[in-house]
Amino acid sequence: MAKVSFRNVWKKYGTTPAVKDLNIECPDGSFLSILGPSGCGKSSTMRMVAGLEHITAGQILFDEKPINTLAPKDRDVAMVFENYALYPHKSVFENMANPLKLRGQDATVIKDRVMAAAKLLEISQLLERRPQELSGGQKQRVAIGRAIVREPNLFLFDEPIAHLDAKLRAHMRGEIKHLQRTLGTTMIYVTHDQLEAMSMADTIAVMHEGELQQLGTPREVYNKPVNAWVAGFVGEPAMNFVDVGLQDKDGKTYFIHPNFSIAVTDQQQHIIAAAARVNALRMGVRPDAMSISLVKPKHECITGKIFVTELLGGDMIIDVDLDDGSRIRVKTSTDFDGVEGQTCYMTVNRDKWHAFSKENGKALF
Ligand SMILES: Nc1ncnc2c1ncn2[C@@H]1O[C@H](COP(=O)(O)OP(=O)(O)OP(=O)(O)O)[C@@H](O)[C@H]1O
Ligand SMILES: [Mg+2]
């Protein structure tokens, strides 16, 4: 087991930076997910940890020992990639045994470890088969089995289930999380799928254009995004953003928009007052932090026009047009019977809305 630390880590290809000044501490035995869109530097980060890519600047440490110059084979990490790279002519058993064979392990140790891993992954009945006789999910489990028989210090999983179908992905999410908890091995897990990161990780590192945006628990990243980019990336359906002006009236501060005028809470008012000279903000509100009605409520609300309604199994998503050309999405129950073109009224849970700077996207609350 190992604690993994990134200290001011840079990766440049030529002069182009792919990872910029990365600082992360991943405690021993924890599950860290690196989350971000394609090209943000996730695999580059993993490859530096594995020793497959030179670290341009900074240090990566295992248990406080720098590993920058250590050969990949001496780092004791096991990687699982999206393309599981199984040997087609070897059986499942031989595929899983291979890393131990290469290390000259004793045949009985090899057998014990492969059998134990196969049992854990529920593939004991497949050990004699060849990879082409397996489903995608089964192949993925063999690839994971091959990683765990090594009993490494650290697992590096790079989008290991990205191409499986949705149902199998949901199943494998649970399996991998359970496996990591059972083995207690430190895990760095790369994904571009926020649902995967949210559901599995102890800590999420959100990356964008080579830079760490936020490091926090899934709850922190979801409930207290540090900027509009993180807020928009994490959560499905995505957060709604609307530009608002600010107005002070009778000692209260209001968000002003052609479709609404809603007072912020006292605490939010203090935060806005402390931010020098702002007169406009970007309001952010998640689809489930609003309720929608066809009857105008007595309290302050957002008035809009229904653009379209979508049934999503147990929920409904209502797309609502506002007069400034923006469109917001509201999650509601399937009882809602509004139709296209109808006027509707949204009540916002003000404890759950957010405000971001229009200049730099930083969160005020
Ligand atoms: N060997 C390389 N030479 C030059 N540029 C590279 C190389 N590998 C990656 N890059 C560039 O570095 C950036 C980060 O790439 P990286 O593979 O780390 O992204 P990623 O987050 O893993 O993306 P994806 O989700 O698509 O796998 C990209 O702009 C990519 O084009
Ligand atoms: Mg990648």
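The chain has nine helices and 20 strands. The model is predicted. Along its principal axes, the C-alpha trace spans about 80 × 45 × 35 Å. Of the 365 residues in the chain, 36% are buried. Contacts between residues at least 6 apart in sequence were also examined; 66% of these join residues at least 24 apart.

The domain assignment divides the chain into domain 1, residues 4-233, and domain 2, residues 240-357. Their centres, taken over C-alpha atoms, are separated by 39 Å. Across the boundary, four residues of domain 1 are in contact with five residues of domain 2. On the side of domain 1 that touches domain 2, two residues are nonpolar and two are polar. No charged residue is found on that side of domain 1.

Domain 1, residues 4-233, is described next, beginning with strand β1. Strand β1 covers residues 4-13. Two strands pair with β1. One is β2, residues 16-26, which pairs with β1 in the antiparallel sense over seven bridges. The other is β4, residues 57-62, which also runs antiparallel to β1 and is joined to β1 by five bridges. Individual residues show how these strands are matched. Y13 has T16 in β2 as its bridge partner. W10 stands opposite A57 in β4. β1 and β2 form a hairpin with two residues between the strands. G14 in this hairpin takes a positive phi near 65°.

Helix α1 covers residues 42-50. Seven of its nine residues are buried, so α1 is largely enclosed by the rest of the structure. The buried residues are K42, S43, S44, T45, M46, M48 and V49. A residue counts as buried if 20 or more other C-beta atoms lie within 10 Å of its own. Just after α1, G51 takes a positive phi of about 90°.

Helix α1 also takes part in the surroundings of ligand 1. Three residues of α1 belong to the shell around ligand 1, and α1 gives the most to that shell. K42, S43 and S44 are among the residues that surround ligand 1, and these residues are also among those buried in α1. The residues around the ligand further include G36, S38, G39, C40 and G41. Y13, A18 and H192 complete the shell. Y13 is thus found in two roles: it surrounds ligand 1, and it is the bridge partner of T16 in β2. By class, the shell around ligand 1 has seven polar residues, three nonpolar residues and one charged residue.

Some backbone angles call for separate mention. Most residues other than glycine have a negative phi, and most peptide bonds are trans. E151 is not a glycine, yet has a positive phi of about 45°. E151 lies in the loop between α4, residues 136-148, and β7, residues 154-158. There are 13 other C-beta atoms within 10 Å of E151, so this residue is partly exposed. E209 is a residue other than glycine with a positive phi, near 50°. The loop that holds E209 runs between β9, residues 203-208, and β10, residues 211-216. E209 counts as partly exposed because it has 14 C-beta neighbours inside 10 Å. One peptide bond is also listed here: the bond from E236 to P237 is cis, with omega near -5°. P237 lies in the loop between α8, residues 228-233, and β11.

Domain 2 covers residues 240-357. Five strands form an open sheet in the order β13-β12-β11-β14-β20. The pairing in this sheet is antiparallel. β13, residues 260-263, and β20, residues 354-357, stand at the edges. Each edge strand has a single partner strand, so one side of each is left without a neighbour in the sheet. Neighbouring strands of the sheet are turned by 40° against each other on average, direction ignored. Within the sheet, β11, residues 240-249, runs antiparallel to β14, residues 280-285. Six bridges join β11 to β14. M283 in β14 is the bridge partner of V242.

Terms used: Residues numbered from 1 in each chain as written. Chains lettered and ligands numbered in written order. Predicted model: local features only at pLDDT ≥ 70, side-chain atom pairs only at ≥ 80, totals over all residues. Pairing = 2+ DSSP bridges. Helix = DSSP H or I, 4+ residues; strand = E, 2+ residues; numbered from the N terminus. Axes fitted to C-alpha atoms, helices over the stretch in contact; angles between N-to-C directions. Buried ≥ 20, exposed ≤ 12 C-beta atoms within 10 Å, placed from the backbone. Near = placed C-beta within 6 Å. Nonpolar A, V, L, I, M, F, W, Y, C, P; charged D, E, K, R; others polar. Domains from an automatic or database assignment. Contact = placed C-beta atoms within 7 Å.
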